[in-house]
Amino acid sequence: MLLRNIPLFANLGDAELAQISAEANLKQFPKNKVILSEGEKSDSLYTIVAGKVKVLISDEDGKEIILAILGSGEFFGEMSLIDNQPRSATVITMEPSSFNVISQADFIRCLTSNAQIARTILQTMAKRLREADKKIESLALLDVYGRVARTLLELAKTENGELVVSQNLSQQDIANMVGASREMVNRILKDLAQGGYIKVESKHIVINEQLPSSLSHSTA
Ligand code: CMP
């Protein structure tokens, strides 16, 4: 993917784009590689050229909660460059991935000299805050059935007229997105399949339109 095709850089002028291209580093990583770790000091911004990452926070026992999954064209690592604080979360590749990496100095220069870049960053941060608000709502107000149902609906895309969760997500990943154990998620997926709400296929989950995002244990 060319730098020009990354939404964050799409509106840069030719000279600025050439300067960033000259300084950006293309880095490739295998699946399950920790790209940055919560609490670390660091000075790079990553835009995803290809692949997929999970953004998570974890405790000392290795229990983790996935805050977001980001894919090609999206970026991460901006927060600590903006506020000079340690990394707010850990980022791990979910598949072989390549990133364009730029330094804090280049990022801040772009941000201050290009209003459109600043706007894109603010819009993306607002979008992520809205999603984090939804997550807080789910964790505080929905039971685990509702959280699984809502997460499946958020991940689903329409493919050939069907609502499909086609990400290569493990049940452990889903568990880490909803704050539950893998066993619990396994049981809920079985219940939802038995109730006709979903069909679990080898790498896909097909969602029946009747799956309500407000599902609770009593309706499952
Ligand atoms: P930074 O704190 O530098 O390093 C971790 C990165 O994860 C962070 O920047 C953001 O890019 C990303 N991140 C943190 N929290 C979220 C979230 N709730 N949703 C999406 N991305 C996030």
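**Close-up views of a predicted model**

**View 1. Salt bridges in the predicted model.** Eight salt bridges are counted in this structure, which is a predicted model, when a side-chain nitrogen of Lys or Arg has to lie within 4 Å of a carboxyl oxygen of Asp or Glu. One of them joins the side chains of Asp173 and Lys54, with an N to O distance of 3.4 Å. Because Asp173 belongs to helix α6 (residues 171-178) and Lys54 to strand β4 (residues 52-58), this pair ties together parts of the protein that are 119 residues apart in sequence.

**View 2. Polar contacts of the ligand.** An oxygen atom of the ligand lies 2.7 Å from an N or O atom in the side chain of Ser88, while the backbone supplies further partners: a polar backbone atom of Gly77 is 2.8 Å from a ligand oxygen, and a backbone N or O atom of Met79 is 3.4 Å from an oxygen atom of the ligand. Taken alone, the ligand would expose 450 Å², of which the protein buries 93%.

**View 3. The pocket and the shell around the ligand.** The ligand takes up the space of the largest pocket, and the elements that each contribute two or more residues to the surrounding shell are β5 (64-71) and α2 (78-83). The largest share, three residues, comes from α2. In total 13 residues surround the ligand, the closest being Gly77, Glu78, Ser80, Arg87 and Ser88. By residue class, the shell is made up of seven nonpolar, three polar and three charged residues.

Terms used: Residues are numbered from 1 along each chain as its sequence is written. This is a predicted model: local features need pLDDT of at least 70, side-chain atom pairs count only at pLDDT 80 or more; totals for chains, interfaces and linings use all residues. Side-chain values use heavy atoms; hydrogens and water are left out. A residue is near a molecule or strand if one of its heavy atoms lies within 4 Å of it. A polar contact is a pair of N or O atoms within 3.5 Å; within protein, one must be able to donate a hydrogen and the other to accept it, and residues adjacent in sequence count only if both atoms are side-chain atoms. Accessible areas come from the Shrake-Rupley method with a 1.4 Å probe; for residues, only the protein chains shown count as cover. On a 1 Å grid over the protein atoms alone, a cavity is a set of points where a 1.4 Å probe fits but cannot get out, and a pocket is an open set with protein on both sides within 12 Å along at least five of seven lines; lining residues have an atom within 4 Å of a point. A molecule sits in a cavity or pocket if more than half of its atoms lie within 2 Å of its grid points. Helices (H or I, at least four residues) and strands (E, at least two) are DSSP runs, numbered from the N terminus. Ala, Val, Leu, Ile, Met, Phe, Trp, Tyr, Cys and Pro count as nonpolar, Asp, Glu, Lys and Arg as charged, and the others, Gly among them, as polar.
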